[in-house]
Amino acid sequence: MDFEIKYKDAMARIGTFKTPHGTVTTPNLMPVVHPGKQTLDVKKFGAEIVITNSYIIYKNEKLKEKALKDGVHELIDFPGTIETDSGSFQLSVYGDIDINNEEVIKFQESIGTDIGTSLDIPTAPYVKREEAENDLEITIERAEEASKVRKNLLLNSVVQGSTFTDLREYCAKQISEFDADIYPIGAVVPLMEMYRYADLVDVVMYSMRGLPENKPRHLMGAGHPMVFALAVAMGCDLFDSAAYILYANKDRFMMPDGTLKLENLIEMPCSCKVCTEHTVDELKQMNQEERAKLIAEHNLHISFAEIRRIRQSIVDGELMKLVELRCRSHPFLLDGLRRLQEYKEDMEKLTPSSKKSAFFYTGYESLARSEVSRHLNKIKNLEPKSKNLIILPYTSKPYAKHVNREYIKKYTPKIPSFYSNGKNTDYGDSDIVIADVPFGIIPLGLDEFYPLAQNESPTILDENSKQFIRQQIKEYAQKYENVLIHRKIISNFDIKDYDLIEEELLLPEAKISDFDRLKDIADYQFGKGSGEALFGNDSEKIKIEKSRKTGKIRHVYENDENIVNMRASDGFLVLSDLGAKRLHNFLPSPNMRVVVSEDSEPFALKGKSVFNKFVLDCDEKIRRNDEVLIVNKDDKLLACGKSLLSSYEIKDFNTGQAIKTRKINNLSE
């Protein structure tokens with residue numbers, strides 16, 4: 001099955017895959033359809049895919065006969081994609097069922113299901129390790145058997161391992177060898193029922209470490225919309241649950257931020273058809289069956305609306321803002337969000353390098369987002385230009401247009417451990433940075449680079465953000481002999497142990513030249529020394545063209561030959577022919593490289609897109625939207641371009657585009 005990613009944010013992806021009965025867009029919800037009792041038409045709510053239970057069909061002679069004759073699609077009256085469970089749930093409840101793994105795979109295929117499931121062993125949370133290991137070996141054996149038994153059936157292979165994270169990762173790696181089509185993460189319903197969301201995060205994230213990027217993942221039994229955003233951010237693509245009807249049977253309305261009981265309502269909770277056409281009193285006066293059907297419709301409306309909102313947030317690059325909003329609706333969901341902070345490196349590997357939207361700080365949990373950790377790593381590429389550092393407070397953006405000598409002339413130095421000189425220091429030659437939440441230190445030359453210029457945070461700071469800024473100032477200042485800190489910084493971030501310098505100091509103009517700005521951006525974006533490699537040290541040789549409308553840098557030349565262009569949306573440098581050649585000569589392999597096969601070389605030379613199946617290797621540091629150098633196995637430069645996926649996705653995918661390529665002329669020069 002081909003799975004193609006369209007959009008990315010965090011570990012989330014909007015993707016598509018095809019089955020014999022249609023195309024499914026992820027993330028998506030699969031309503032559970034009972035093969036003998038369903039009265040609700042889920043198609044009208046936007047369901048592209050549903051899940052039903054093949055074991056229930058198998059055990060009911062009437063249902064079995066009809067399914068074998070007419071197919072499961074006719075049986076449950078659903079024309080789209082149908083996934084079937086194997087009876088594992090019944091196995092976990094009753095301890096045994098009268099069908100084996102091979103039989104259930106063949107039965108699912110015989111009734112025309114699109115996606116079938118092997119008979120895994122669901123292992124409850126917190127069991128003894130020996131039990132979890134024994135169950136896991138059976139699950140892995142059955143996953144392998146199912147891969148051999150199936151013919152045309154698309155196959156689920158379920159990740160088990162209870163709450164032992166190493167077993168989850170081990171299972172995921174093992175079953176990935178059998179090349180299934182979808183990988184569900186099983187036996188997590190008890191964790192959600194117990195509100196153990198921190199443990200759920202551990203289980204999911206360790207499972208993800210063992211699963212391939214080129215296949216959809218299904219979080220089994222997750223049907224409440226309040227958990228969708230968190231799960232999607234961790235890389236889950238599909239959800240299933242009968243919660244919409246089970247909650248309705250108990251007069252409970254599902255909402256994106258929790259659950260409401262009919263008995264407590266005086267107003268209907270949303271603007272769906274059910275809520276706008278009925279009152280609370282009308283529902284209370286209905287018979288239970290009729291009322292449950294209406295509340296189930298509301299629950300489906302809310303669930304699919306949340307899926308749509310999540311998709312849009314992925315496109316906009318605002319998923320983590322939505323995750324933080326949702327997780328603050330319940331203390332134990334907030335536990336899950338805070339546990340997710342421990343997986344910052346996993347998240348960063350798959351987060352695009354630039355996005356459409358600004359970074360909104362919603363609380364100290366925002367400091368764990370990939371954009372922050374990536375900035376803290378990239379800023380290490382910048383070498384001091386002076387022995388002196390001046391740290392200024394937040395001002396209007398872009399910072400460089402709003403700071404001047406008058407703005408910075410009152411300072412409160414110094415932290416003694418950071419300085420070798422003090423009162424008589426000439427600060428006329430200094431590096432100037434802004435200290436601000438959420439990115440810590442922002443050099444003036446980077447003040448238009450994404451997301452350093454595209455962020456907002458509250459003016460009233462929490463203690464965690466103050467502590468974060470204090471730590472970043474301490475670490476960054478260690479590069480310098482002398483440091484001046486503006487009075488507002490001392491006050492805003494509660495900095496202690498400083499001495500006041502009252503003498504008049506010679507201060508800089510607090511401006512950065514366009515040439516120095518370009519070099520800073522290049523070092524930050526491509527790596528230490530890249531600015532000099534691209535532009536040299538003689539600013540007189542470099543011609544810079546700016547936008548008449550915004551005054552921002554747009555094109556950079558040397559001897560009328562274009563070196564780079566600056567992307568207006570995010571401030572990234574886009575390589576021209578000359579820029580690509582210079583960086584290729586400067587940066588050793590594998591930096592920025594995407595190595596393509598011999599078959600792909602002629603197409604790359606013509607500027608044709610590079611597809612994943614032709615990529616032999618690539619730099620692990622590559623992220624979606626990064627500039628890359630396309631080379632052959634001998635490191636000959638073929639072209640350059642923009643990556644459409646991260647390195648980890650490029651290596652796993654065998655279909656779809658990897659690089660949007662730009663042709664390089666005169667490569668022999």
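This is a short talk on cysteines, salt bridges, cavities and some backbone details in one structure.

Hi everyone, thanks for coming. Please keep in mind throughout that this is a predicted model.

Let's start with the cysteines. How many disulfides does a search of the whole structure find? The count is zero. As a reminder, a disulfide is a covalent bond between the sulfur atoms of two cysteines. Take cysteine 327 as an example. Its closest cysteine sulfur belongs to cysteine 236 and sits 13 Å off, so the two are too far apart for a bond. Cysteine 618 is likewise in no disulfide, and the nearest cysteine sulfur, in cysteine 640, is 16 Å away. Are these two residues buried or exposed? Cysteine 327 counts as buried, because its relative accessibility is 1%. Cysteine 618 is buried too, with a relative accessibility of 5%.

On to salt bridges. Side chains of opposite charge can pair when their charged atoms come close. Over the whole structure, the search turns up 45 salt bridges. I picked three pairs to show you.

The first on my list is glutamate 4 with lysine 6, where the N to O distance is 3.7 Å. Glutamate 4 is partly exposed at 37% relative accessibility, and lysine 6 is also partly exposed, with a relative accessible area of 37%.

Next comes aspartate 346 with arginine 209, paired at 2.8 Å, N to O. Aspartate 346 belongs to helix α17 and arginine 209 to helix α9 (residues 197–210), so this salt bridge ties together parts that lie 137 residues apart in sequence. Aspartate 346 counts as buried at 15% relative accessibility, whereas arginine 209 is partly exposed at 35%.

Then there is glutamate 371 with lysine 355, whose closest N and O atoms are 2.6 Å apart. Glutamate 371 is in helix α18, while lysine 355 is in the loop between α17 and β14 (359–360), so here the linked parts are 16 residues apart in sequence. Both partners are buried: glutamate 371 has 7% relative accessibility, and lysine 355 has 12%. There is also a network, in which salt bridges that share partners join Arg13, Glu213, Arg217 and Asp237.

Now for the empty space inside. Rolling a probe the size of a water molecule over the atoms shows where empty space is left. The count here is five cavities of 30 Å³ or more. The largest cavity holds about 150 Å³ of space. Which residues lie nearest its centre? They are Met320, Leu340, Met347, Ala368 and Arg369, out of 16 lining residues. The elements giving two or more residues to that lining are α15 (319–327), α16 (331–340), α17 (344–350) and α18 (370–378). You have already met α17 and α18, since aspartate 346 is in α17 and glutamate 371 is in α18. Sorted by class, the lining has seven charged, six nonpolar and three polar residues.

Let me turn to two covered spots. One is helix α24, residues 577–586, where seven of the 10 residues are buried. Those seven are Asp577, Leu578, Gly579, Ala580, Lys581, Leu583 and His584. The other is threonine 52, in strand β5 (residues 49–53). Threonine 52 counts as buried, because its relative accessibility is 2%. What does threonine 52 contact, beyond its neighbours within four places in sequence? The list is Val33, His34, Pro35, Ile57, Val72, Ile76, Ile82, Glu83, Thr84 and Asp85.

Finally, some backbone details. The peptide bond between threonine 26 and proline 27 is cis, with omega about 0°. Proline 27 sits in the loop between β3 (22–26) and β4 (28–31). Another cis bond runs from valine 437 to proline 438, with omega near 10°, and proline 438 is in the loop between β16 (431–436) and β17 (440–443).

We also have positive phi values in residues that are not glycine. Tyrosine 126 has a phi of about 65° and lies in the loop between β7 (115–117) and α6 (129–149). Tyrosine 126 is partly exposed, with 40% relative accessible area. Aspartate 635 has a positive phi near 65°, in the loop between β27 (627–631) and β28 (637–643). Aspartate 635 is partly exposed as well, at 24% relative accessibility.

That's my tour, and I'm happy to take questions.

Technical notes
Residues numbered from 1 in each chain as written. Predicted model: local features only at pLDDT ≥ 70, side-chain atom pairs only at ≥ 80, totals over all residues. Heavy atoms only, no water. Disulfide = S-S within 2.5 Å. Buried < 20%, exposed > 50% of the residue type's maximum accessible area, 1.4 Å probe, protein only. Helix = DSSP H or I, 4+ residues; strand = E, 2+ residues; numbered from the N terminus. Contact = heavy atoms within 4.5 Å. 1 Å grid on protein atoms, 1.4 Å probe; cavity = no way out; pocket = protein on both sides within 12 Å on 5 of 7 lines; lining within 4 Å. Points joined across faces, edges and corners; volume = space filled by probe spheres on them. Nonpolar A, V, L, I, M, F, W, Y, C, P; charged D, E, K, R; others polar. Salt bridge = Lys/Arg side-chain N within 4 Å of Asp/Glu carboxyl O.
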